[in-house]
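Hi,

Here is the structure I promised to pass on to you. Have a look at it first, then read on for what turned up in it.

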2 protein chains.
Amino acid sequence: MTTTQTPLSPTPRSTVRRLGNRARTDRTELYRVLDAGLVCHLGVVIDDTPVVLPTGYGRIENTLYLHGSTGAATLRAATAGAPVCVTVTHVDGIVYARSVFHHSMNYRSAVVHGPARPVTDDDERLAGLRAIVEHLAPGSWGHARLPTTKEMAATAVLAVDLTEASLKVRTGPPIDDDADVADPSYWAGVLPVRTGFGTPQACPLLPPDTLAPPHVTGR
Amino acid sequence: MTTTQTPLSPTPRSTVRRLGNRARTDRTELYRVLDAGLVCHLGVVIDDTPVVLPTGYGRIENTLYLHGSTGAATLRAATAGAPVCVTVTHVDGIVYARSVFHHSMNYRSAVVHGPARPVTDDDERLAGLRAIVEHLAPGSWGHARLPTTKEMAATAVLAVDLTEASLKVRTGPPIDDDADVADPSYWAGVLPVRTGFGTPQACPLLPPDTLAPPHVTGR
């Protein structure tokens, strides 16, 4: 369905073929893309209208977990068993081509389709939340205070099976038309995009000179 | 609709109030968030199912422009006048709270709702594409070869009005329960997340030692 759309350049079929098939089926690579993301974009349909919101997530084996307030409309829509789409995208580089038409982006994007299963089993709820917290902040489960019964009750946990997930990846230099490649007046290449962490900023309410723990500083 | 959902921690109403209202209405700030993004997540409904895909975009005043291959299913769905949701999210920091429940993320997220208007006027189509290219790769319009008639014909351009766009922002340290703040055994703070550009990688088909132009190196 999406093989003819790239993130940033309109890509007719002939170009898709030249670029190779961007869809990947390897599970390991899918998991790597999901595990490396910080935020996903959760899409649900509310009153026939798409709603796309950023949210946290975690993974346990072939299941993706989401959570949210029991009062949130998007979560309510999803917990009604409606289909959801969860997309995690890494932008790896800006692809400068010799023509504006072939400008593109290097990226990895995992797209998860499926019904969202409301998690009701207490053990799985806790495991799902742990996966979400450890995905966001590895090491926090065990350092920070764990959820109370009241906090658990305020939290909706959803599970989405990853069997129907797909992965699209673009890597490498621009693919230009031969006539443009022959013209030396155009520069072409890739500007890498990098995401990293800065220096931890301690909460102002901590005692002065409190050191950040290794699970934060070592990230 | 979404004021009770935060990206990463389940947030009951009482907490939303304590955090302040994350919804912002300032146009300048909305534009700044949109203009600083590299990729948006476009949500459409196809066969009653949400589809969320990363794609490029550009902005001219109060209009967002999207494009894609005329053959892409998501674009076809949008060009049929169906409602779309376009979301641009910046992750600014991981919020380590004293409880896992209050873990969160500092972020800026613009959410654009509306019908996607197929752009048919040639001048607006070209202006929209220019905005998209200049958003992705500032300076490329004028350096790279401009679109041919055939390339223009292969490209669908969509416009979404920004009047109904909303902005949510979370900044600052974690908001913890008083009892947790009183316990010095927990570290709390924010780990900043930064996105930047690396060193340009020249296309292997360029003559050796071709220098990248200032609009790439100076980014």
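B:Arg108 and B:Asp92 form a salt bridge, with 2.8 Å between the closest N and O atoms. (A salt bridge here is a side-chain nitrogen of Lys or Arg within 4 Å of a carboxyl oxygen of Asp or Glu.) B:Arg108 sits in strand β7 (residues 104-115) of chain B and B:Asp92 in strand β6 (residues 83-96) of chain B, so the salt bridge ties together parts that are 16 residues apart in sequence. Over all chains, the count comes to 14 salt bridges. Helices (H or I, at least four residues) and strands (E, at least two) are DSSP runs, numbered from the N terminus.

Before going further, some ground rules. This is a predicted model, in which local features need pLDDT of at least 70 and side-chain atom pairs count only at pLDDT 80 or more, while totals for chains, interfaces and linings use all residues. Residues are numbered from 1 along each chain as its sequence is written, chains are lettered from A and ligands numbered from 1 in the order in which they are written, and side-chain values use heavy atoms, with hydrogens and water left out.

Now for the sheets. In which order do the four strands of the open sheet in chain B run? The order is β4-β5-β9-β8, with antiparallel pairing. (Two strands pair if DSSP finds at least two bridges between them.) In chain B, β4 (58-60) and β8 (117-118) stand at the edges with a single partner strand each, so one side of each has no neighbour in the sheet. Strand β5 (residues 63-69) of chain B pairs with strand β9 (residues 155-161) of chain B over seven bridges, in the antiparallel sense. One residue to find there is B:Tyr65, whose bridge partner in β9(B) is B:Ala159.

B:Tyr65 turns up again with B:Glu124: the side chains of these two residues make a polar contact (2.6 Å). (A polar contact is a pair of N or O atoms within 3.5 Å; within protein, one must be able to donate a hydrogen and the other to accept it, and residues adjacent in sequence count only if both atoms are side-chain atoms.) B:Glu124 itself belongs to helix α4 (residues 122-136) of chain B. If you skip its neighbours within four places in sequence, B:Glu124 is in contact with B:Tyr65, B:Arg117, B:Val119 and B:Ala159. (Contact means heavy atoms within 4.5 Å.)

Chain A also has an open sheet of four strands, in the order β4-β5-β9-β8 and with antiparallel pairing. There, β4(A) and strand β5 (residues 63-69) of chain A pair in the antiparallel sense over three bridges, and A:Gly58 stands opposite A:Tyr65 in β5(A).

Next, how the chains meet. How many residues of chain B are in contact with chain A? There are 102, and they touch 102 residues of chain A. Together the two chains bury about 8,500 Å², 68% of it on carbon and sulfur atoms. (Buried area is the accessible area, taken with a 1.4 Å probe, that two parts lose on being put together, summed over both.) Between chain B and chain A there are four salt bridges. One of them joins B:Arg145 to A:Asp177, with the closest N and O atoms 3.4 Å apart. Strand β11 (residues 189-197) of chain B gives the largest share of the side of chain B that touches chain A, nine residues. β11(B) also pairs with strand β12 (residues 201-202) of chain A, antiparallel and over two bridges, and B:Gly189 in β11(B) is the bridge partner of A:Ala202.

Another spot to look at is B:His215, found in helix α7 (residues 214-217) of chain B. Not counting residues up to four places away in sequence, B:His215 touches A:Tyr96, B:Pro138, B:Gly139, B:Ser140 and B:His143.

Last, the symmetry. A rotation of 180 degrees with 0.0 Å of shift along its axis superposes chain B on chain A (RMSD 0.0 Å). (The fit is by least squares on the C-alpha atoms of residues with pLDDT of at least 70 in both copies.) The two copies are thus related as by a two-fold rotation axis. Of the residues of chain B, B:Thr195 comes closest to that axis, at 2.1 Å (C-alpha).

Cheers
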